[in-house]
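Where in a protein does enclosed space lie, and which parts of the chain surround it? Please look at the interior of the model below with that in mind.

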Amino acid sequence: MLMIKIHSIRNKIPVNDLIVIPILVILVSAFVQGWQGMHATFNGASLPSGNSNYTQLFEDAIRTSIRLVFGLVLSMIFTLVFGVLAAKFTPLRRVILPIVNFMESVPLVGFLTFTTAFFLGLYPHNVMGLEGLAIFAIFTGQAWNMMLTLYQMLRIVPHELVDATAIFYCNPWQRFWRLGFLYSFPGLLWNTMVSQSAAWFTLIASEMLTIGNKNINLPGIGSWIGCALNSGNIHAVLWGLLALIINIVLFDQLLFRPLVRYASRFKIEDKSVSSKQSSWFYTCLAHSLTGNIIRKIFATSRVFWLFVLPKLWYKMKFDRLFSSLSSLNELWSKLWYFFVLVICLYFIYYLWCYLPFHYLTQLPLLMGLTACRVFTALLLSIAIFTPLGIWIGLRPNLLRFFQPIIQVMAALPINIFYPLIVVALLTWHQNLNYWTIPMIMLGTQWYILFNVIAGASVIPGQMTDVSRIFHAKGIIWWTKYILPAIFPYIVTGIISAAGGAWNAAIAAESLSWGDTTFKAKGLGAFISASTTSSQDPKAALGCLAMCFMVALCVIFIWRPLYRYAETRFKLD
């Protein structure tokens, strides 16, 4: 009798809500506080720096987190729209994929050069203009990788699953949300995590903005670390690094790890998954009254999203309208290509009038040096981190242990390592050229590692069983089982890593710590020096040269790789 009473009392006490509700209240309060600071008045002068006030670091971390959340939401919207368009419509695919591959390798400096005036004009005399510019910089650091991942996953959905949706009379809207999106969700989630780490990687550049001849530092962890590096304040660097790590761990524990736990249900298996990712916050939320309320809200929204919206679409005869328009596909394709051609000609004319072409004779050598470093770093990253990613991805226990560690390491900006590299250069009297390749690898290896882990962790159990039945070992295991199984993920990781490598080259070829500066000859150092001296036309010329090299890679390497992965390695 006593046991029954105790059990009934425990059921009435929302123990998990005592954990969930305070966390949600703290998050909402922090968001409101940060949001108010993002709408302060801006008179064009430099914002106050909190680098000497360590109590200000908490507010800086809040502002940085809000920017990351907004950047993530905008990146996800971009991914869902353009990823689906590229996967489903061939004329759009021929334009979207080259543009996204091209944009992925455009240096962050290039985006900021041409968009600063636009964002400041949206919010004149308001900090929100600078915040919008910083959020856009974060967006450019992660949106392209996420969109390419969704596109790649939608292209390899097994035909038997598509046939199953036809048997259940799913319309195209329902087919995407109930099959395409859910099939892509595990891989997209892992790429979202590495993309978020890439956003952290660009944090210093996104929060330390150059407007004309003025340097404007937005309150945030990135500007804190950047100011500390410029002044040679190692204590401030360590405090900023601690704030960055705490922020990453909170994102992991409160957002990504619960989502990874939830995504485990979408793995293709003929049997229940015996080992799932664990998440204390997911468990608390799932067994709380707050989680139950949220679950009911989502259940109601799911019915509206999946069934009511399509009925409205068909009721308003939009399906017939688009069917009639699709009969003119050839016309729309020609009009689309004509529109793209006009836009390209306009920008070519604009750049022709803007760029200083007397620097052209210097560029071929600089482009060649940087390209050699980038491809060397890329090949080393593939050789080292593909086996490591497979080893981690096939072992759930290792995956749970290494996931937060990898996220933290991937998020550390190259600038964090400047003090160590400066000490090494001064101690052994070495040249920066020897250090550029490992520094570029810091901007490439995590893309490959995360994508390989994502591919290895979602391999169907029956494929693993077949490899064991046939006693596949050694070279046979690698060439006939594991590499074909994850090849689409490897391709996505390589393409994303290439984009990160070109951006990392800018930071790797020009190193500053306090009053000490080292430079390696290359295109990255050319762009960095032009940006530092506020020579925007010269910096734009360097960015354009880098984009030209990326375009060659897109045409002759990445597009053939895409086609090979789609046609040769598809789970059917």
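The following paragraphs go through the cavities of this structure, which is a predicted model.

With a lower limit of 30 Å³, the count comes to 2 cavities. The largest cavity holds about 270 Å³ of space, and among the 27 residues that line it, Gly141, Ala198, Tyr447, Gly500 and Asn503 are the closest to its centre. Two or more lining residues come from each of helix H4 (90-104), helix H5 (108-122), helix H6 (127-155), helix H8 (172-201), helix H20 (445-457) and helix H22 (474-508), and of these elements H6 contributes the most to the lining of the largest cavity, with 6 residues. In terms of domains, the lining of the largest cavity takes at least three residues from domain 1 (14-267 + 274-316) and at least three from domain 3 (357-571). As for chemical character, this lining divides into 15 nonpolar residues, 11 polar residues and 1 charged residue.

The second largest cavity has a volume of about 40 Å³, and its lining is made up of Met193, Gln196, Ser197, Trp200, Ile248, Phe251, Phe256, Gln407 and Ala411. At least two residues of this lining come from each of H8, helix H11 (234-263) and helix H17 (396-411), with H8 supplying the largest share, 4 residues. The lining of the second largest cavity comprises 6 nonpolar and 3 polar residues, with no charged residue.

Helix H8 is thus worth following through both descriptions, since H8 gives two or more residues to the lining of the largest cavity and 4 residues to that of the second largest cavity.

Technical notes:
Residues are numbered from 1 along each chain as its sequence is written. This is a predicted model: local features need pLDDT of at least 70, side-chain atom pairs count only at pLDDT 80 or more; totals for chains, interfaces and linings use all residues. Side-chain values use heavy atoms; hydrogens and water are left out. On a 1 Å grid over the protein atoms alone, a cavity is a set of points where a 1.4 Å probe fits but cannot get out, and a pocket is an open set with protein on both sides within 12 Å along at least five of seven lines; lining residues have an atom within 4 Å of a point. Grid points are joined across faces, edges and corners, and a volume is the space filled by probe spheres set on the points. Ala, Val, Leu, Ile, Met, Phe, Trp, Tyr, Cys and Pro count as nonpolar, Asp, Glu, Lys and Arg as charged, and the others, Gly among them, as polar. Domain bounds come from an automatic or database domain assignment.
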